[in-house]
Amino acid sequence: MFRTEFDDPEGVRHGGLLTFNYRFAPDGLCTRRQLAAEGLTPGRQPIAAQIKWRRGKRFAYLYRRDLAVPKRPATDAQLRALTKAWVALSTCPSCKTEYGYYIPKRYGECLDCFEQAGA
Ligand SMILES: [Zn+2]
């Protein structure tokens with residue numbers, strides 16, 4: 001569902017889209033992430049502009065805040081799926097302990113197990 005954000009960035013870059021430097025975007029334009037922080041989503045509006053930083057290596061699309069729509073609350077099924085995924089990601093496969101954080105992919109198990117295995 002995030003795919004369209006990466007469709008043909010070159011075409012967009014040369015398509016006359018308004019471009020601002022990071023942190024210099026006008027009021028009323030927000031990134032998808034900024035909208036999400038307020039419980040909003042861009043909805044069906046087109047991209048209004050883009051911001052660039054790191055000399056244009058990173059960019060994000062901006063949407064009009066006044067056209068943003070409230071996020072639909074997640075359904076119970078979605079919440080259950082999220083919880084399940086979260087539990088799976090935060091449970092150590094070695095000692096089956098559930099932690100309050102994701103098990104580091106680098107180690108593949110909790111730090112206790114990792115340290116014991118390395119000792
Ligand atoms: Zn463990």
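**Exercise 1. Is Tyr102 buried, partly exposed or exposed, and where in the chain does Tyr102 lie?**

Solution. In this predicted model, the relative accessible area of Tyr102 is 44%. Buried means under 20% and exposed means over 50%, with partly exposed in between, so Tyr102 is partly exposed. As for its position, Tyr102 belongs to the loop between H3 and H4.

**Exercise 2. Describe how the rings of Trp86 and Tyr102 are arranged, and state which parts of the chain the pair links.**

Solution. A pair of aromatic rings is described by the distance of the centres and the angle of the planes. For Trp86 and Tyr102, the centres are 6.2 Å apart and the planes stand at 55 degrees. Centres within 6.5 Å make a pair, and planes that are neither under 30 degrees nor over 60 degrees apart count as tilted, so the pair of Trp86 and Tyr102 is tilted. The pair links distant parts of the chain, since Trp86 lies in helix H3 (residues 76-89) and Tyr102 in the loop between H3 and helix H4 (111-118), 16 residues apart.

Next, consider the exposure of the partner: Trp86 has a relative accessible area of 32% and is therefore partly exposed. Finally, Trp86 and Tyr102, together with Leu89, make a nonpolar surface patch of about 290 Å².

**Exercise 3. How many aromatic pairs are counted, and how are Phe59 and Tyr61 placed in theirs?**

Solution. With ring centres required to lie within 6.5 Å, the count comes to 4 aromatic pairs. In one of them, the ring centres of Phe59 and Tyr61 are 5.6 Å apart and the planes are at 55 degrees, so this pair is tilted. Turning to exposure, Phe59 has a relative accessibility of 23% and so counts as partly exposed, whereas Tyr61, at 6%, is buried.

**Exercise 4. Which residues form the positive surface patch, and is Arg55 buried or exposed?**

Solution. The positive surface patch consists of Arg33, Arg54, Arg55, Lys57 and Arg58. Within this group, Arg55 sits in the loop between strand E4 (49-53) and strand E5 (58-64). Its relative accessibility is 87%, and because exposed means over 50%, Arg55 counts as exposed.

**Exercise 5. How many helices and strands does the protein chain have, in which pattern do they follow, and what share of the residues is buried?**

Solution. The protein chain contains 4 helices and 6 strands. Reading along the sequence gives the pattern α-β-β-α-β-β-β-β-α-α. Of the 119 residues in the protein chain, 19% are buried, and Tyr61 is one of the buried residues.

How values were computed. Residues numbered from 1 in each chain as written. Predicted model: local features only at pLDDT ≥ 70, side-chain atom pairs only at ≥ 80, totals over all residues. Heavy atoms only, no water. Patch = residues over 30% accessible without salt bridge, like charges linked within 9 Å, V, L, I, M, F, W, Y side chains within 5 Å. Areas by Shrake-Rupley, 256 points an atom, 1.4 Å probe, with all protein chains shown as cover. Salt bridge = Lys/Arg side-chain N within 4 Å of Asp/Glu carboxyl O. Lys, Arg positive; Asp, Glu negative; His and termini not counted. Charge placed at Lys NZ, Arg CZ, Asp CG, Glu CD. Helix = DSSP H or I, 4+ residues; strand = E, 2+ residues; numbered from the N terminus. Buried < 20%, exposed > 50% of the residue type's maximum accessible area, 1.4 Å probe, protein only. Phe/Tyr/Trp six-rings, centres within 6.5 Å; stacked < 30°, edge-to-face > 60°.
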